[in-house]
Structure formats: C-alpha cells, structure tokens
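Got the viewer open? Let's take a short walk through the strands, one selection at a time.

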Amino acid sequence: MTGSRRAGLLAVAGLVTMTGLTGCVPFACPAIGWSNTLTVQLDGDTAAVDQVQLCTDAGCAPAAGVDPSGPLGWITVESNDGDSWTFSVGMTSMEQITVRTLAADGTVLADTEVNPEWVRVGGSAQCGGPREATVAVQT
C-alpha cells in the first residue's frame with residue numbers, strides 16, 4: 001500500500017470515527033425558499049373592518065409605499081373571509097407584532113399586540129422550514 005493511499009484511508013477512518021463519536025453526520029440542507037404563515041382570527045363585529053395589517057418597529061404591511069426589498073416587503077395577504085386573514089410573512093417568525101384593523105377610509109379601528117406561537121409544519125430543526133401560527137384579536 002502506498003503512502004498516499006494509506007493517508008487517504010486513515011483520513012476516511014478518522015472521519016467515520018469522529019462522526020460516530022459526535023453523532024454528527026455531514027449533510028446539506030435543501031434549497032431554501034419557504035414562507036411562514038400567520039392567521040389572524042378576528043373576534044367580534046367585523047363589519048367595519050376593511051383591511052388588516054401586521055405592524056413592527058419598521059412599520060405596517062401590507063401598505064402603500066412599503067419597500068418590497070425591506071423587512072415588511074415579505075408580508076402579503078394570502079386570503080381573507082372577513083373574520084380570518086391569512087398572511088405570508090416570508091421566512092421570519094416575528095416574536096411580537098401589532099395587528100392593526102382599518103376601516104375603508106383608513107381609520108384605525110384597533111391595534112392589538114400579539115405574541116404568535118409558531119409551530120413548525122415542514123423542514124427540520126437543522127435546516128429550518130415553514131412555520132404557522134394563529135392569533136385572535138378583538139375587533
């Protein structure tokens with residue numbers, strides 16, 4: 001056996017031994033591109049509610065003038081039926097947000113601070129993946 005072949009076999013044996021000892025297996029995460037989903041359930045009289053926004057220190061979205069490349073640019077309304085609004089929020093899991101309800105003329109009806117409890121619905125702890133949360137706010 002040549003010296004370079006022996007060195008190669010020793011390197012492989014060392015990697016296998018370290019993998020077994022540490023419990024770590026080298027792996028690659030799949031391509032990213034998932035999005036988290038936040039559902040806002042409105043409780044009470046929703047007749048006056050025309051729009052729902054998610055607000056952070058950076059501002060509120062969706063809204064006119066939001067920089068699509070900024071942190072609020074990922075927030076979009078996926079669906080709404082009057083009482084339930086579902087938002088795609090990109091790959092962020094916002095810890096604390098304010099849910100803002102607006103009338104058709106832009107009047108703020110309510111601002112409610114919420115702390116979503118995110119639940120992973122895909123991916124893995126090592127690589128991340130989509131999460132979902134539902135919050136309820138009084139209108």
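Keep in mind that this is a predicted model. Start by selecting residues 84–88, strand E5, together with E4: the two run antiparallel and are joined by 4 bridges. For a close-up of that pairing, pick Ser-79, which sits opposite Thr-86 in E5.

Now zoom out to the whole sheet. It is an open one with 5 strands in the order E4-E5-E1-E9-E8, and its pairing is mixed. The edges belong to strand E4 (76–80) and strand E8 (119–120); each has a single partner strand, so one side of each has no neighbour in the sheet.

Next stop: strand E6, residues 97–102. Buried or exposed, what are its residues mostly? Of its 6 residues, 5 are buried, so the rest of the structure largely encloses this strand. Show strand E2 (residues 51–56) as well, and you'll find it antiparallel to E6, with 5 bridges between them. Then add strand E7 (residues 108–114), also antiparallel to E6 and joined to it by 6 bridges.

Thr-101 is a handy residue to click here. Its bridge partner on the E2 side is Val-52, while in E7 the partner is Ala-110.

Follow the chain from E6 into E7 and you trace a hairpin with 5 residues in between. Stop at Gly-106 in the turn, where phi is positive, about 95°.

Last selection: Thr-98, back in strand E6. Its relative accessibility is 19%, and the cut-off for buried is under 20%, so Thr-98 counts as buried. Leaving out residues up to four places away in sequence, Thr-98 touches Gln-53, Leu-54, Cys-55, Asp-111, Thr-112 and Glu-113.

Notes: Residues numbered from 1 in each chain as written. Predicted model: local features only at pLDDT ≥ 70, side-chain atom pairs only at ≥ 80, totals over all residues. Heavy atoms only, no water. Buried < 20%, exposed > 50% of the residue type's maximum accessible area, 1.4 Å probe, protein only. Pairing = 2+ DSSP bridges. Contact = heavy atoms within 4.5 Å.
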